[in-house]
Amino acid sequence: MVNKEYEPEWEPGHVRDELKAIIRPQMISAPFGFLIKYIIPGVLLLLVGLALSKDLKEPYSGYAMSWNLLGILIVVAVLSCMLILFLFPRLWYDMQYCGEEHPNFTTWLKWAFTPKTLDVVEKRKLVKERSVA
(Lines give C-alpha, C1' and ligand atoms only; values in the text may rest on other atoms or scores of the structure.)
Protein backbone atom coordinates (compact mmCIF):
# COMPACT_ATOMS: atom_id res chain seq x y z
CA MET A 1 0.00 0.00 0.00
CA VAL A 2 1.14 3.49 -0.77
CA ASN A 3 0.14 4.87 2.62
CA LYS A 4 2.09 2.22 4.56
CA GLU A 5 5.29 3.41 2.91
CA TYR A 6 4.92 6.79 4.61
CA GLU A 7 3.42 5.53 7.85
CA PRO A 8 3.92 1.81 8.58
CA GLU A 9 1.24 1.62 11.31
CA TRP A 10 -1.45 3.10 9.03
CA GLU A 11 -4.63 0.96 8.77
CA PRO A 12 -7.40 1.52 6.21
CA GLY A 13 -10.83 2.37 7.57
CA HIS A 14 -9.67 3.85 10.89
CA VAL A 15 -10.88 7.42 11.29
CA ARG A 16 -7.58 8.68 12.73
CA ASP A 17 -5.55 7.17 9.93
CA GLU A 18 -7.94 8.33 7.20
CA LEU A 19 -7.78 11.88 8.57
CA LYS A 20 -3.98 11.70 8.40
CA ALA A 21 -4.30 10.61 4.78
CA ILE A 22 -6.55 13.57 3.98
CA ILE A 23 -4.17 16.07 5.59
CA ARG A 24 -0.85 14.70 4.30
CA PRO A 25 -0.25 15.20 0.58
CA GLN A 26 1.95 12.07 0.30
CA MET A 27 -0.92 9.74 1.27
CA ILE A 28 -4.05 8.63 -0.57
CA SER A 29 -7.32 9.04 1.35
CA ALA A 30 -10.56 7.04 1.16
CA PRO A 31 -12.49 9.72 -0.77
CA PHE A 32 -9.92 9.45 -3.57
CA GLY A 33 -10.95 5.84 -4.23
CA PHE A 34 -14.64 6.79 -4.35
CA LEU A 35 -13.99 9.74 -6.65
CA ILE A 36 -11.76 7.82 -9.05
CA LYS A 37 -14.21 4.90 -9.31
CA TYR A 38 -17.58 6.60 -9.48
CA ILE A 39 -17.56 10.39 -9.83
CA ILE A 40 -14.71 11.11 -12.27
CA PRO A 41 -15.75 8.54 -14.96
CA GLY A 42 -19.30 9.91 -14.89
CA VAL A 43 -18.09 13.48 -15.25
CA LEU A 44 -15.77 12.52 -18.11
CA LEU A 45 -18.55 10.64 -19.91
CA LEU A 46 -20.81 13.65 -19.49
CA LEU A 47 -18.18 15.95 -20.98
CA VAL A 48 -17.55 13.60 -23.91
CA GLY A 49 -21.31 13.32 -24.50
CA LEU A 50 -21.72 17.10 -24.50
CA ALA A 51 -18.83 17.51 -26.92
CA LEU A 52 -20.24 14.82 -29.22
CA SER A 53 -23.70 16.38 -29.25
CA LYS A 54 -22.18 19.76 -30.07
CA ASP A 55 -20.11 18.22 -32.88
CA LEU A 56 -23.17 16.49 -34.33
CA LYS A 57 -25.02 19.80 -34.53
CA GLU A 58 -22.09 21.70 -36.01
CA PRO A 59 -19.03 19.74 -37.22
CA TYR A 60 -15.82 20.54 -35.39
CA SER A 61 -13.83 23.35 -37.11
CA GLY A 62 -15.44 22.64 -40.44
CA TYR A 63 -14.19 19.05 -40.73
CA ALA A 64 -16.24 16.65 -42.82
CA MET A 65 -18.90 14.67 -40.96
CA SER A 66 -17.08 11.41 -41.78
CA TRP A 67 -14.17 12.41 -39.54
CA ASN A 68 -16.57 13.24 -36.73
CA LEU A 69 -18.22 9.84 -37.21
CA LEU A 70 -14.81 8.21 -36.79
CA GLY A 71 -14.45 9.86 -33.40
CA ILE A 72 -17.97 8.85 -32.44
CA LEU A 73 -17.29 5.24 -33.46
CA ILE A 74 -14.20 5.17 -31.22
CA VAL A 75 -16.25 6.38 -28.25
CA VAL A 76 -19.02 3.88 -29.02
CA ALA A 77 -16.46 1.06 -29.20
CA VAL A 78 -15.01 2.01 -25.81
CA LEU A 79 -18.47 2.25 -24.25
CA SER A 80 -19.38 -1.14 -25.77
CA CYS A 81 -16.30 -2.70 -24.19
CA MET A 82 -17.24 -1.15 -20.86
CA LEU A 83 -20.79 -2.52 -21.17
CA ILE A 84 -19.56 -6.02 -22.04
CA LEU A 85 -17.23 -6.04 -19.03
CA PHE A 86 -20.04 -4.72 -16.83
CA LEU A 87 -22.38 -7.50 -17.97
CA PHE A 88 -19.71 -10.23 -17.89
CA PRO A 89 -17.20 -9.28 -15.17
CA ARG A 90 -15.57 -12.71 -15.31
CA LEU A 91 -13.79 -11.63 -18.49
CA TRP A 92 -11.36 -9.79 -16.20
CA TYR A 93 -10.29 -13.03 -14.56
CA ASP A 94 -7.28 -15.03 -15.61
CA MET A 95 -7.66 -18.54 -17.04
CA GLN A 96 -6.51 -20.08 -13.76
CA TYR A 97 -9.83 -19.16 -12.08
CA CYS A 98 -12.14 -21.06 -14.43
CA GLY A 99 -11.96 -24.31 -12.47
CA GLU A 100 -10.12 -26.40 -15.05
CA GLU A 101 -6.74 -27.88 -14.27
CA HIS A 102 -5.32 -27.10 -17.73
CA PRO A 103 -7.76 -24.65 -19.33
CA ASN A 104 -7.57 -23.57 -22.92
CA PHE A 105 -9.01 -20.39 -24.37
CA THR A 106 -12.39 -21.86 -25.33
CA THR A 107 -13.08 -23.37 -21.88
CA TRP A 108 -12.11 -20.07 -20.26
CA LEU A 109 -14.36 -18.14 -22.66
CA LYS A 110 -17.27 -20.51 -21.97
CA TRP A 111 -16.70 -20.05 -18.23
CA ALA A 112 -16.40 -16.27 -18.56
CA PHE A 113 -19.81 -15.94 -20.24
CA THR A 114 -21.57 -18.34 -17.85
CA PRO A 115 -23.58 -16.62 -15.13
CA LYS A 116 -22.29 -17.30 -11.64
CA THR A 117 -25.61 -18.79 -10.56
CA LEU A 118 -25.19 -21.63 -13.08
CA ASP A 119 -21.84 -22.45 -11.50
CA VAL A 120 -23.57 -22.92 -8.16
CA VAL A 121 -26.18 -25.24 -9.74
CA GLU A 122 -23.44 -27.29 -11.44
CA LYS A 123 -21.48 -27.58 -8.19
CA ARG A 124 -24.59 -28.85 -6.39
CA LYS A 125 -25.09 -31.47 -9.12
CA LEU A 126 -21.48 -32.58 -8.74
CA VAL A 127 -21.85 -32.87 -4.97
CA LYS A 128 -25.02 -34.96 -5.38
CA GLU A 129 -23.33 -37.21 -7.95
CA ARG A 130 -20.32 -37.73 -5.70
CA SER A 131 -22.46 -38.44 -2.65
CA VAL A 132 -24.48 -41.07 -4.57
CA ALA A 133 -21.38 -42.79 -5.96
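On the other side of helix H5, away from its buried residues, Thr106 and Lys110 are exposed. Here exposed means over 50% relative accessible area, buried under 20% and partly exposed in between, with a 1.4 Å probe and protein chains only. The buried residues of H5 (residues 105–112) are Trp108, Trp111 and Ala112. Because they cover an arc of only 100 degrees around the axis, these three lie on the same side of H5. The arc is that of the directions from the helix axis to the C-beta atoms.

The model is predicted: local features need pLDDT of at least 70 and side-chain atom pairs count only at pLDDT 80 or more, while totals for chains, interfaces and linings use all residues. Residues are numbered from 1 along each chain as its sequence is written, and side-chain values use heavy atoms, with hydrogens and water left out.

**Overall make-up**

The protein chain has 6 helices and 0 strands, and its elements run α-α-α-α-α-α from the N terminus on. Helices (H or I, at least four residues) and strands (E, at least two) are DSSP runs, numbered from the N terminus. Of the 133 residues of the chain, 14% count as buried. The accessible surface is about 11100 Å², and 69% of this belongs to carbon and sulfur atoms; the areas come from the Shrake-Rupley method with a 1.4 Å probe, and for residues only the protein chains shown count as cover. A contact means heavy atoms within 4.5 Å. Among contacts in the chain with a separation of 6 or more, 17% are between residues 24 or more positions apart.

**The loop before H5**

Leu91 is placed in the loop between helix H4 (65–87) and H5. Setting aside neighbours within four places in sequence, Leu91 is in contact with Ile84, Leu85, Trp108, Leu109, Ala112 and Phe113. Two of these partners, Trp108 and Ala112, are among the buried residues of H5. Leu91 and Trp108 are 17 residues apart along the chain, and their C-alpha atoms are separated by 8.8 Å.

**Around Asp17**

Asp17 belongs to helix H2 (residues 15–23). Its side chain reaches the backbone nitrogen of Glu11 at 3.0 Å. This is a polar contact, a pair of N or O atoms within 3.5 Å; within protein, one must be able to donate a hydrogen and the other to accept it, and residues adjacent in sequence count only if both atoms are side-chain atoms. Not counting residues up to four places away in sequence, Asp17 touches Glu7, Glu9, Trp10 and Glu11.

The structure holds 1 salt bridge, defined as a side-chain nitrogen of Lys or Arg within 4 Å of a carboxyl oxygen of Asp or Glu. In this salt bridge the side chains of Asp17 and Arg16 meet at 3.1 Å, N to O. Side chains of opposite charge can pair when their charged atoms come close.

Glu7 is found in the loop between helix H1 (2–6) and H2. Apart from neighbours within four places in sequence, Glu7 is in contact with Asp17, Lys20, Arg24 and Met27. Pro12 also lies in the loop between H1 and H2. Between Pro12 and Ser29, 17 residues apart in sequence, the C-alpha to C-alpha distance is 8.9 Å.

**An aromatic pair in H3**

Rings of Phe, Tyr and Trp (its six-membered ring) pair if their centres lie within 6.5 Å; planes under 30 degrees apart count as stacked, over 60 as edge-to-face and the rest as tilted. By this rule the count comes to 1 aromatic pair. Phe34 and Tyr38 form this tilted pair, with 5.4 Å centre to centre and 45 degrees between the planes. Both residues lie in helix H3 (residues 30–57), 4 residues apart, about one turn of the helix.

**Accessibility of the residues named above**

| Residue | Relative accessible area | Class |
|---|---|---|
| Asp17 | 1% | buried |
| Glu7 | 7% | buried |
| Pro12 | 41% | partly exposed |
| Phe34 | 47% | partly exposed |
| Arg16 | 52% | exposed |
| Tyr38 | 55% | exposed |

The salt bridge thus joins a buried residue, Asp17, to an exposed one, Arg16. In the aromatic pair, Phe34 is partly exposed, whereas Tyr38 is exposed.
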